[in-house]
Amino acid sequence: PWDLSRPTLLRPDRLARPAFLVDATLGRLARSLRMAGLNTLYRPEWPAADLLHRLGGPAPLDGLDRLGKLRELARNEAVYPRDPLGIAGKARCRFAQRRLAFLDGLQRIVVGLEECRLAGDDETALARFGSDELRAQFLAPAIAGDAVGCIGVSEPGAGSDVSAIKTVARKDGDDYVISGQKMWITNSLQADWMCMLVNTGDGPAHRNKSLVIVPLRENGKPVKGFAVGKKIRKIGMNSSDTGLLYFDEVRVPQRYRIGEEGHGFVYQMQQFQEERLWCAASTLESLTNCIQWTIDYAQERKLFGSTLADQQWVQFKLAELKTEVEALRALTYRACDLYVSGQDVLELASMAKLKAGRLNREVPDTCLQFWGGMGFTLENKVSRMYRDGRLASIGGGADEVMLGILAKLMGIAKRPV
């Protein structure tokens, strides 16, 4: 059941005008998700059978398709307002995701759902800088649940160093002809289109890139020149598909470019700032749950004539972890508050992302230890968090990248931000 009695993540009375619909949006989104049957979407047998996101697997795809029932909500602009599709809408959808995280089992699955159906990072620049034609052709169907998008930045030789991407789009008449590779791409095994960061010129690495919408499939079949190299198997986050993709002379109209040519790197950095805020917000519920699950277990587990919870070390460690999570919550709320009011939050977002990544490693690892042998089983929720949470220190900007940004902003590192 949905818990709509909890305090809203963002207090509307403390926010600037753009976020005045926060509570209404959360409530309407919750009711629509409930009517769509998504509170019963998850089935425990899916991960074990490796069915999630496998094309042709009837259970997960049927469940994902239910999200298409949100199309009326999207068309009524409950998720995205006319701003147009900018700061307020993005923040509301991002943090609605945190509140509607399906609590236990679906906390991680929502990551995939949110990115492919509601407000993935592939859609941020498109919403802000894309033409009306592009928004109508690609953004509206994605919000409505009729299409799946993905973002294409990372490559085999370019992960944290975004400026090092090699994929090239050369001009040929009114088209771009794209050749290269993309790797670690979430949703790519099912995506209908990609928001691709690609080199469109020969200038400096930070000024020669553009964001281009690249159709990947038509009527369910790959477009000419596009191929999936393989599905990448991961130690966690198995609710989302991840692929290695090849592009061999894929032809795309130049009008599919988002915004100005050569501004892609800047647009992408803006998207990363929002992704990092979302990363911090999306961990709060799962970390809180992990601690509570462990408390409940410790109070029942008998050993040495008492319970595990009677051991002072266990008490102190869980208290310490909860304090850390609440500190992250305060940092995230402050960053989000400032962000929605239109302020730059590069420093706070980087801090929140860094802390979230560290806690996603520390909290599940400590709790798993308290579960003992039970914690080392696949059926255990804490062990799933142990596997899934490790990505938080890598994806969306590694811990070291966050530290580098902070060092520059503090004036320690002398290279320009």
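Strands, like helices, are taken here as DSSP runs, a strand having at least two residues, and they are numbered from the N terminus. With that in mind, this tour moves through a predicted model, one selection after another.

**First stop: two loops**

Select Met237, which you will find in the loop between β8 (226-231) and β9 (242-253). Its backbone deserves a look, since the phi of Met237 is near 55°, a positive value in a residue other than glycine. Most residues other than glycine have a negative phi. Is Met237 buried or exposed? Residues count as buried under 20% relative accessible area, and Met237, at 8% relative accessibility, therefore counts as buried.

Next, select Phe304, in the loop between β11 (302-303) and β12 (306-307). The phi of Phe304 is near 50°, again a positive value in a residue other than glycine. The surroundings of this residue can be judged by the cut-off for exposed, which is over 50% relative accessible area; Phe304 has 80% relative accessibility and so counts as exposed.

**Second stop: buried side chains and their contacts**

Now select Asn208, which lies in the loop between β4 (193-199) and β5 (209-215). Asn208 is buried, with a relative accessible area of 10%. Show Gly201 as well, and look for its backbone oxygen, which lies 3.3 Å from a polar atom of the Asn208 side chain.

From there, go to Asp175, a residue of strand β3 (residues 175-186). Asp175 has 18% relative accessibility and therefore counts as buried. Which residue does the side chain of Asp175 meet in a polar contact? If you display the side chain of Arg251, you can trace a polar contact of 3.2 Å that joins it to the side chain of Asp175.

**Third stop: from helix α9 to Lys353**

Select Glu275, which is found in helix α9 (residues 264-300), and which is buried, with a relative accessible area of 15%. Then add Lys353 to the selection: the two residues are 78 residues apart in sequence, while their C-alpha atoms are 8.9 Å apart in space.

**Fourth stop: helices α10, α11 and α12**

Colour helix α10 (residues 312-340) and helix α11 (residues 346-371), whose axes are 10 Å apart and which pack at an angle of about 160°. An angle over 145 degrees counts as roughly antiparallel, and α10 and α11 are therefore roughly antiparallel to each other. Their crossing is left-handed. If you show the side chains where α10 meets α11, the contact has 17 nonpolar, 2 polar and 5 charged residues.

Follow α10 from end to end: this helix has 29 residues and reaches 42 Å from its first C-alpha to its last, close to the 42 Å expected at 1.5 Å a residue. Just after α10, select Gly342, which takes a positive phi of about 100°.

Then follow α11, which has 26 residues and reaches 38 Å from its first C-alpha to its last, close to the 38 Å expected at 1.5 Å a residue. After α11 comes Gly372, a residue whose phi is positive, near 65°.

Finally, add helix α12 (residues 381-388), which packs with α11 at an angle of about 150°, their axes being 9 Å apart. How are α11 and α12 directed, roughly parallel or roughly antiparallel to each other? By the cut-off used above, over 145 degrees, α11 and α12 are therefore roughly antiparallel, and the crossing of α11 and α12 is left-handed.

Definitions and conventions. Residues are numbered from 1 along each chain as its sequence is written. This is a predicted model: local features need pLDDT of at least 70, side-chain atom pairs count only at pLDDT 80 or more; totals for chains, interfaces and linings use all residues. Side-chain values use heavy atoms; hydrogens and water are left out. Axes are lines fitted to C-alpha atoms, for helices over the stretch in contact, and angles run from 0 to 180 degrees between N-to-C directions. Helices (H or I, at least four residues) and strands (E, at least two) are DSSP runs, numbered from the N terminus. Angles under 35 degrees count as roughly parallel, over 145 as roughly antiparallel, 65 to 115 as roughly perpendicular and the rest as oblique. A crossing is left-handed if the near helix is turned anticlockwise from the far one by less than a right angle, and right-handed if clockwise. Ala, Val, Leu, Ile, Met, Phe, Trp, Tyr, Cys and Pro count as nonpolar, Asp, Glu, Lys and Arg as charged, and the others, Gly among them, as polar. The expected span of a helix is 1.5 Å times one less than its number of residues. Buried means under 20% relative accessible area, exposed over 50%, partly exposed in between (1.4 Å probe, protein chains only). A polar contact is a pair of N or O atoms within 3.5 Å; within protein, one must be able to donate a hydrogen and the other to accept it, and residues adjacent in sequence count only if both atoms are side-chain atoms.
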